[in-house]
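Trainee: I am new to this structure and would like a close look at a single part of it, the aromatic rings and their surroundings. Please take me through that part slowly.

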Amino acid sequence: MDNSYTYIVECRDGSLYTGWTNDIVKRIENHNNGSGAKYTRSRLPVRLVYYEVYSTKKEAMQREYAIKQLTKADKHALILQNMTEELKMHCKELNKQLGGH
């Protein structure tokens, strides 16, 4: 079974967008080519700043909903508290691969 992901991207204007996907690379590509979420289309480019891996779509969607209820400050705290060096490097590599910052 494929993994599902809950992710947070930072938009050009500094705002944060939270979503879920089963293909994180393709989803970030979609955001940056304008075929992602309506919210991000006018705030391109986006940069992946955080993600979590789940074994089911349901878990990822539930986590997405929970994160969307947080304030921006709480989202930044979540990112800082849970950002391992491995996760940080993976986000950086994905952003570089996708032409992000």
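Mentor: What follows is a walk through the aromatic pairs, the strands that carry some of them, and the core.

This is a predicted model, in which local features need pLDDT of at least 70 and side-chain atom pairs count only at pLDDT 80 or more, while totals for chains, interfaces and linings use all residues. Residues are numbered from 1 along each chain as its sequence is written, and side-chain values use heavy atoms, with hydrogens and water left out.

A search of the whole structure finds three aromatic pairs, where rings of Phe, Tyr and Trp (its six-membered ring) pair if their centres lie within 6.5 Å, and planes under 30 degrees apart count as stacked, over 60 as edge-to-face and the rest as tilted. One of these pairs joins Y5 and Y51 edge-to-face, with 6.0 Å from centre to centre and 70° between the planes. It links distant parts of the chain, since Y5 sits in strand β1 and Y51 in strand β3, 46 residues apart; helices (H or I, at least four residues) and strands (E, at least two) are DSSP runs, numbered from the N terminus. Both Y5 and Y51 are buried, a word that means under 20% relative accessible area, with exposed over 50% and partly exposed in between (1.4 Å probe, protein chains only).

Y17 and Y39 form a stacked pair, 6.1 Å centre to centre with 20° between the planes, and this pair too links distant parts of the chain, with Y17 in strand β2 and Y39 in helix α2 (residues 38-41), 22 residues apart. Y17 counts as buried because its relative accessibility is 14%, whereas Y39, at a relative accessible area of 33%, is partly exposed. Over the face of Y39 lies R43, at 3.8 Å from the ring centre; the criterion is that NZ of Lys or CZ of Arg is within 6 Å of the ring centre and within 35 degrees of the ring normal. Ring pairs also link Y7, Y17 and Y39 into a cluster.

As for the strands, β1 and β2 pair in the antiparallel sense over six bridges, pairing being counted if DSSP finds at least two bridges between two strands. They form a hairpin with four residues between them, and G14 in the turn has a positive phi of about 90°. Five of the six residues of β2 are buried.

Finally, the largest nonpolar core has 24 residues, and Y7 and Y51 are among those with the most contacts inside it; such a core is a set of buried Ala, Val, Leu, Ile, Met, Phe, Trp, Tyr and Cys residues joined through side-chain atoms within 4.5 Å.
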